[in-house]
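Please open the structure in your viewer and keep the sequence panel beside it. This tour suggests what to select at each stop and then describes what is there.

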Amino acid sequence: MRRTATSAGLFAALVVAIAVLPKFLTDFRAQQFAYVAVYLVALIGLNVLTGYTGQMSLGHGAFMAVGGYTTAILMTDHGIKDLWTIPAAAVVAGAAGFLFGLPALRLTGLYLALATFAIAVATPAVIKKFEGFTGGGSGKNLFGVKELTGGIAPVHVLGWKLNFNNWLYYLCWTVALVLYVVAWLLLRGRTGRAFRAVRDSETAALSSGVSLARYKTLAFGVSAAYAGVAGSLFAIATTYVNPDTFPVQLSIFLLVGVVVGGLGSLTGLIAGAIFIEFLPLWAQDISKSPGAPGVVYGVILIGVIFLLPTGAAGLLRRVASLFRGR
Amino acid sequence: MTNFLQQVVSGLASGGIYGALALALVLIHRATGVINFAQGEMATFSTYILWTLTQNHGWPYWPALAVTLAISFAGGFGVHQLVVRPVERGSVLRVVIVTIGLLLLINGAMTWIWSGEVRSVHSPFPTRTIDMGGVAISIQDLGTIGVSIGVVILLGLFFRFTKVGLALRAAATNPAEARLVGVRVPLLLGVGWGLATMLGAIAGALTAPTVFLDPNMMQAVLIYAFAAAVLGGIDSPVGAVVGGLLLGVGLNLLGTYVNFVGADLRLPAALSVILAVLLFRPAGLFGHRVVKRV
């Protein structure tokens with residue numbers, strides 16, 4: 001009981017901190033922090049699948065693409081307002097994830113990593129091929145329809161006037177924090193226990209009456225729905241999608257983010273999301289070469305696996321237990 | 001008909017390359033039980049070494065290739081000892097993440113060292129074509145097919161008739177018992193990684209003349225190699241090569257005769273091969289079904 005109260009208190013403090021942060025940020029920084037929220041949503045989704053259920057995915061960028069394109073197509077071709085496309089993206093990507101989860105039941109460990117990696121690599125080519133539907137290589141512009149999006153003009157929300165980047169910041173963080181709580185509720189109860197049982201030993205889970213098929217496909221569906229929402233927010237934030245918006249690197253970076261944040265933890269993912277967004281900028285300080293971020297990502301990824309297998313969350317827990325020990 | 005035969009031959013040539021890289025994947029899978037996602041980047045890195053030696057230092061092709069292969073062997077051995085060996089007893093997830101770290105690291109390093117610009121690498125074979133009963137076949141394609149098949153035969157002989165080859169097989173099949181009879185298992189698994197990296201270097205050197213050399217050169221080839229390895233059975237060296245050749249010819253014919261697939265959907269087609277094989281015959285054509293005791 002006390003632990004729940006502490007967590008709730010910390011979460012409230014986090015919400016307040018996020019709410020007042022834009023006051024101290026430049027417009028450009030606010031946009032960067034909006035992307036942190038987008039990555040956070042995707043990382044929560046990937047962690048539900050990989051960290052909690054033990055199913056490796058190297059293809060979550062593909063589910064983000066499904067979400068992003070759902071938003072783009074609904075907005076440009078069907079005139080639907082940007083906010084309403086977010087739940088639609090969740091449903092479409094979630095359904096895609098659920099359907100992929102069915103054949104994926106037969107794949108374990110390594111083979112699943114391989115299959116999802118192949119999907120991530122093939123996605124841009126498939127998007128380019130179905131030109132009539134997706135706009136092909138030239139992509140789709142979202143800011144062409146002014147009345148449907150915050151666009152470049154200021155946005156009025158509850159009597160406040162926000163510029164585009166601040167509006168984006170609050171939109172992304174509201175969605176991210178709500179989905180964070182949803183994931184927390186889902187994972188603390190019966191479902192979360194079943195997920196962890198599947199991860200730790202499929203045989204043991206099966207013999208205690210946990211249906212592998214049911215919980216694996218559920219994890220795939222939930223995870224993909226999160227990725228879909230992240231893709232939708234990503235499209236709204238960039239106001240533009242094309243096949244290279246969701247490259248295979250994105251899927252790999254998401255995995256990096258989850259590992260850095262901590263597999264099987266939610267709190268650490270905020271660190272993972274910050275890491276994905278800001279690392280390319282920090283790497284610029286080391287070298288201006290476009291290869292520098294890759295080298296730094298690689299070194300840190302291997303370093304984390306060697307030195308800090310539980311990621312930022314594990315580090316946090318260790319520090320916390322140090323204080324509690326007194 | 002001549003067009004068909006021409007497509008088959010050029011399919012065999014690209015299939016030979018897929019087979020060589022697939023064989024590298026199979027070697028590492030047998031040695032360490034993982035799939036090395038960095039295999040493609042390692043191959044590209046070796047090709048850059050070859051490019052530097054021939055273009056920047058003016059070495060003749062064959063000595064440069066020999067030195068490249070030696071460096072690749074040492075590099076693969078070093079990578080295994082340094083970063084793979086400490087985690088290989090842990091969960092598959094950790095090893096896969098380490099190989100993905102290597103992928104990012106090596107890809108970034110290539111862009112850093114050699115910049116992202118495309119380079120051209122010469123082929124050791126002439127680009128002329130020869131006429132065989134009305135079918136024009138390029139000597140380069142024949143050379144590629146010859147090299148890949150030759151490498152496979154050499155490797156097969158090595159595993160079958162040398163003491164190191166026998167020890168390697170022992171270390172991969174049953175590490176505990178191999179250790180009891182005096183095989184230095186970790187060292188030999190490193191040798192497996194070294195051999196795989198050499199194979200990758202050969203695949204890279206064969207790929208580079210037909211496309212241009214850039215840091216992402218082997219990414220698509222790696223996917224085809226995955227498909228080839230899965231098709232042939234991930235633990236079967238013969239399967240990897242047969243799978244590579246089948247895939248090369250199959251994709252080439254599909255691209256030529258099925259308009260919908262064309263050149264753009266070759267990669268998704270390979271992906272569907274991976275998915276279909278994994279779903280309907282997970283052991284592949286030549287592989288063995290794994291039976292696990294719990």
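The pLDDT is the predictor's confidence in each residue, on a scale from 0 to 100. What you have open is a predicted model, so colouring by this score is a sensible opening step. In chain B the average pLDDT is 85, and 98% of the residues score at least 70, while chain A has a mean of 83, with 93% of its residues at 70 or more. For the complex, the predictor gives an ipTM of 0.84 and a pTM of 0.85.

**Stop 1: chain A as a whole**

Select chain A and show it as a cartoon, in which you should be able to find 14 helices and 4 strands. Along its principal axes, the C-alpha trace of chain A spans about 55 × 50 × 45 Å. The radius of gyration of chain A is 20 Å, which agrees with the value near 20 Å that a compact globule of 326 residues would have. Buried residues make up 53% of chain A. If you consider the contacts in chain A between residues at least 6 apart in sequence, 76% of them join residues at least 24 apart.

**Stop 2: two packed helices in chain A**

Next select residues 164–188 of chain A, which form helix H7, together with residues 212–238 of chain A, which form helix H10. At what angle do H7(A) and H10(A) pack? The angle is about 175 degrees, and the axes of the two helices are 11 Å apart. Because angles over 145 degrees count as roughly antiparallel, H7(A) is described as roughly antiparallel to H10(A). To see where they meet, show the side chains of Leu168(A), Cys172(A), Val175(A) and Leu179(A) in H7(A), and then those of Tyr226(A), Val229(A), Leu233(A) and Ala237(A) in H10(A). With the confidence colouring still on, note that H10(A) has the highest mean pLDDT among the elements of chain A, 91, whereas strand E2 of chain A, residues 155–157, has the lowest, 63.

**Stop 3: chain B as a whole**

Now turn to chain B, whose secondary structure comes to 11 helices and 2 strands. Following chain B along its sequence, you meet the pattern α-α-α-α-β-β-α-α-α-α-α-α-α. The radius of gyration of chain B is 19 Å, close to the 19 Å that the globule rule gives for 294 residues, so chain B is as compact as a globular protein of that length. Its C-alpha atoms fill a box of roughly 60 × 50 × 35 Å along the principal axes, and 51% of the residues in chain B are buried.

**Stop 4: the hairpin in chain B**

Select residues 129–132 of chain B, which are strand E1, and residues 135–138 of chain B, which are strand E2; the two strands run antiparallel and are joined by 4 bridges. Among the bridge partners, Thr129(B) is matched with Ser138(B), and Asp131(B) is matched with Ala136(B). The hairpin has 2 residues between its strands, and Gly133(B) takes a positive phi near 55 degrees there. Among the elements of chain B, E1(B) has the lowest mean pLDDT, 78, and helix H3(B), residues 61–84, has the highest, 92.

**Stop 5: a residue in a loop**

Centre the view on Val121(B), which is found in the loop between H4 and E1 of chain B. Is Val121(B) buried or exposed? It is buried, because 21 other C-beta atoms lie within 10 Å, and the cut-off for a buried residue is 20 or more. Leaving aside residues up to four places away in sequence, Val121(B) touches Thr47(B), Leu50(B), Trp51(B), Ala208(B), Pro209(B) and Leu213(B). The C-alpha atoms of Val121(B) and Leu213(B) are separated by 6.9 Å, although these residues are 92 positions apart along the chain.

**Stop 6: where the chains touch**

Finally, show both chains together and select the contact, which takes 35 residues from chain B and 37 residues from chain A. On the side of chain B that touches chain A, the elements that give two or more residues are helices H4 (92–114), H9 (219–232) and H11 (266–280). Which of them gives the largest share? That is H4(B), with 17 residues.

Key. Residues are numbered from 1 along each chain as its sequence is written. Chains are lettered from A and ligands numbered from 1 in the order in which they are written. This is a predicted model: local features need pLDDT of at least 70, side-chain atom pairs count only at pLDDT 80 or more; totals for chains, interfaces and linings use all residues. Two strands pair if DSSP finds at least two bridges between them. The radius of gyration is taken over C-alpha atoms; the globule rule is 2.2 Å times the number of residues to the power 0.38. A residue is buried if 20 or more other C-beta atoms lie within 10 Å of its own, exposed if 12 or fewer, and partly exposed in between; C-beta atoms are placed from the backbone. Two residues are in contact if their C-beta atoms, placed from the backbone, lie within 7 Å. Axes are lines fitted to C-alpha atoms, for helices over the stretch in contact, and angles run from 0 to 180 degrees between N-to-C directions. Angles under 35 degrees count as roughly parallel, over 145 as roughly antiparallel, 65 to 115 as roughly perpendicular and the rest as oblique.
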